[in-house]
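Morning, everyone. I will take a few minutes on charged side chains, and then we can go to the bench schedule.

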Amino acid sequence: MVQALFDLHPLLPALEADEPIITANDRLRRHLVKAWDEHQLARGKQAWPAPSATPLNRWLENHWQTLVERGYPGCQFALAGRPQRQLLWEQVIAQSDEASQLLQAEPLAQQADAALRSLTLWQIDIEQLRADSYTSGNTESFLRWLAVFEQRLEARGLITPEAAHQIVARAFDDGALPRHSRLWLTGFDDLPPLHRQIIESACDGWVEQAGGMASASEPQRVQLPDAETELRAAALWSFEQLQQTPDATLGIIVPDLGQRRDQVERVFAEVFEPTAALPDRTRYTLPFNFSAGIPLGGTPLVHSGLSLLELLRDHWPLNNLCTLLQSPFWGDAEAELVLRTQLCERLRRLGKFELTGSDLRFYSQQLTEKQPDAESLQLARRLQQLDEQRRRLPRSTNARQWAQSFRESLAQLGWPGPRRLDSQEFQQLGQWFELLETFATLEATGTDLTLAQALKQLSQLAGQTPFQAQTPDSPIQILGALEGAGLRFSHCWVLGLHQRQWPPVPAPNPLLPLDLQRREQMPHATAERELSIARSLTENYQRCAEQVVFSSPSADDQGDLSPSPLIRSMAEIPLEELLPQPQSHLQRYRQALRRSARLQPVRCERGPTVDLSAKAPGGSGLFKHQAACPFNAFAQLRLGARAPDAPVVGLSAAERGTVLHGILAAIWGELRNSEQLHAAEESYLRQQVEAACTASLEPIRQRRPRELGPEYCALEHERLTDMVLRWLALEKTRPPFEVIAREERRDIDFAGLKLTLFIDRIDRLDNGEQLLIDYKTGADLNPQQWLGERPDEPQLPLYAVTASDEVKGVAFAQLNPKALQWIGLGELQSPLPGLKPADPDWAGQRADWQQVLEQLAEDFIAGDARVDFKDAKSRRYSEELIPLNRALETDTLQDYLRQEGR
């Protein structure tokens, strides 16, 4: 059993006499109660009264409630919670004269609430503040907002907690609340004037104790290269202390714990349980506990619920929707996995940044018609019911009605799913329902919210609500700078104390006069105050354990760092004195990971052979993929591992190619040969090109009307018209030709593969020679892409070896804003600018291509699946397949196999 972290001895007189004790926070109260229970057990008692220990805020709330029950003057108001005040402040600021100049009302509302709290706690006369001539423009704005804010509070029968505390102080002064003979305070570094006045009025005398402290020890200081190394050293040191002394109690103090919690948790988990992140490990309690919770809205369970509620909107970002479809926290995720994956793929192929309810409903229904099984019917039914509810939602209503609608929507979607929740998820679910009740209290502000406003308020509230899992007592307590005050440990490590962080940089409230904050010594107002508090905390840390280590990093991403002046005088020791063999620890963890890895090498360079009776997938692209990397070709063409193109602003590269092919096919369908091209008047050509552009763009525009607006399509129409007309002018410089094929489909049998090819264009010259043409919009084109044993662009070589002997050349027709040109290879008798001679001749080139392509076909048929990239470019352009080909792990896997002797 973990020992209590609080020394009772200074408070034993109060505890024995059952005198009231006020603690700085609830954490300190819990440790005090636990220490008292252990003390009574040690005395042989079996039952005893709980100590009269209460956190200050709860103590004040209890007295306020007493006054409310007695009908004390001024207590007819209800306490305004933080969410209610936040909403009122946001409304006041949004409706003010300054609203048009402000970027975000939310953080400004938080600063305004903090400013009012400070003014009340420090008992500043607001009327006098209004009369002062030194108030800044920010303060003047705040005072105008404050007047409206107070009016709205009064109209809704609300009062701020600090204003309620003023009434409590008055009640003690006039005897409406009974005075105590003595009060005991523990864990306080500072008391604001209002709270100090209440304490003085509430008792005849009070005693302030800093909490139990160990005798002053000689602190040790170490300096580490960076924050990550420092954190890992603290974790390894903690592990070593528990190995040597299992009943030790350790405190790890991290001043910026709120910003680094994820990093701290990751490092400590890696040290104490290296295999915790493996997918087959169930979640369990590790031997450390955090004082800082995580935002409830950031937990996977609650985040999924908030995301599902976003489906009540009219439009959703594509990535958010696809992520939501893969969530395990709604519907029957396991049974619907394949169906949801198919739906995601179909939605991604639309190329839209945003999707509508109509999109989701239509394509889910389409999949259901193709696969009318129970899972698809259930999914379609849920989405249909949600869409029907979305149509019934009011334009605006109060928060309580929205909370009810949100409950119903989540129930329809089957949230949080059929899977049995673990302990932490169950706690999160319970806190979610509490959150909805808190959200419903916004009704008290008298404000009707639209759906967007309601979702924003709920999400904002979830982000501000901390979730702290209820876990058994842990031997290691990871605490922020203030949470460690008053606690006692056997060992303590305080890290991150460099000159930029300790003492903290002052951060005065921008809405209050700086001179006022300095004069009244308000929180974070001056460097002197921050230094005083930091010095006091540092001195307390030196006495909180028998062994105390202070540390700081030597550098961060902003440059070099030096230890804080508050610890610089301490004698520095090398890390080896704390961790004699730090590398042995790391080696032990690597060995633990290795032992947990049940790996069995499987030879998979070859897959099953291709069924030659069926049509081969990929067409001419099969050879391009096989040449670039056999494994990627196997994964894409035979396993279907193809990632849809990401949405782009405007036309995608594939759509640009489709549009251009459609335009040129239509033009040459009308002109047919160079003779008619020369005979056509410029006005007629322009008319034909413009009509072809319109016809080719229209289907894509209709499919993506939100992404391709009329202005964009007009600009694209103008660009394409100009480029195609310039290309036709270049075509006029060629010797006579006739277009005998355009966008022609051909079914062929090559090296045993049944393939379907689509040829962009074939020209026949006057002498009967033919030229194969492939339209390209890219910039990096050259004949070398057709050559070598693994060609980059094998499409035209394949066309050439499967076409008639009249084909004497192949060429890219490059239509690019920066370049309009022919890039070709062959031996045409009629000259073509950009056509280079074949080496050694055309017949020899075709024979080489035949051999190269047949070899690629044979490898594909045989199931060649080696991870063998042709070059760095091929690897770079297939990043989406890295999770499958594991290219980044190649060296690690080879090292593992060598060490295992396999």
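What follows is a walk through some salt bridges and one surface patch.

Please keep in mind that this is a predicted model. It holds 57 salt bridges, and I will go through three of them.

The first on my list is Arg390 with Asp314. Their closest N and O atoms are 2.9 Å apart. Where do Arg390 and Asp314 sit in the chain? Arg390 is in helix α16, residues 374–392. Asp314 is in the loop between α12, which covers 300–309, and β11, which covers 315–317. The two residues are 76 positions apart, so this pair links distant parts of the chain. The partners differ in how much they are covered: Arg390 is buried, with 15% relative accessible area, whereas Asp314 is partly exposed at 48%. For Arg390, the label follows from the cut-off, because buried means under 20%.

This pair also belongs to a wider arrangement. Asp314, Arg361, Asp387, Arg390 and Arg391 are linked in a network of salt bridges.

Next is Glu354 with Arg706, a salt bridge with an N to O distance of 2.8 Å. Glu354 lies in strand β12, residues 354–356. Arg706 lies in the loop between α28 (682–703) and α29 (710–731). The two are 352 residues apart in sequence, so the salt bridge ties those parts together. Glu354 counts as partly exposed, with a relative accessibility of 29%.

The last pair is Arg726 with Asp722. Their side chains meet in a salt bridge at 3.3 Å, N to O. How far apart are Arg726 and Asp722 in helix α29? They are four residues apart, which means a separation of about one helical turn. Both ends of this bridge are partly exposed: Arg726 has 37% relative accessibility, and Asp722 has 41%.

Finally, the surface patch. Which residues form the negative surface patch? They are Glu827, Asp839, Asp841 and Asp848. I will take Asp841 as the example. Asp841 is found in the loop between β26, residues 835–837, and α31, residues 842–861. At 35% relative accessibility, Asp841 counts as partly exposed. Asp841 is eligible for a patch because the residues in one need over 30% relative accessible area and no salt bridge.

That is the end of my part. Questions are welcome.

Technical notes. Residues are numbered from 1 along each chain as its sequence is written. This is a predicted model: local features need pLDDT of at least 70, side-chain atom pairs count only at pLDDT 80 or more; totals for chains, interfaces and linings use all residues. Side-chain values use heavy atoms; hydrogens and water are left out. A salt bridge is a side-chain nitrogen of Lys or Arg within 4 Å of a carboxyl oxygen of Asp or Glu. Buried means under 20% relative accessible area, exposed over 50%, partly exposed in between (1.4 Å probe, protein chains only). Patches are made of residues with over 30% relative accessible area and no salt bridge: like charges are joined within 9 Å, nonpolar side chains (Val, Leu, Ile, Met, Phe, Trp, Tyr) within 5 Å. Accessible areas come from the Shrake-Rupley method with a 1.4 Å probe; for residues, only the protein chains shown count as cover. Lys and Arg count as positive and Asp and Glu as negative; His and the chain ends are not counted. The place of a charge is taken as NZ of Lys, CZ of Arg, CG of Asp or CD of Glu.
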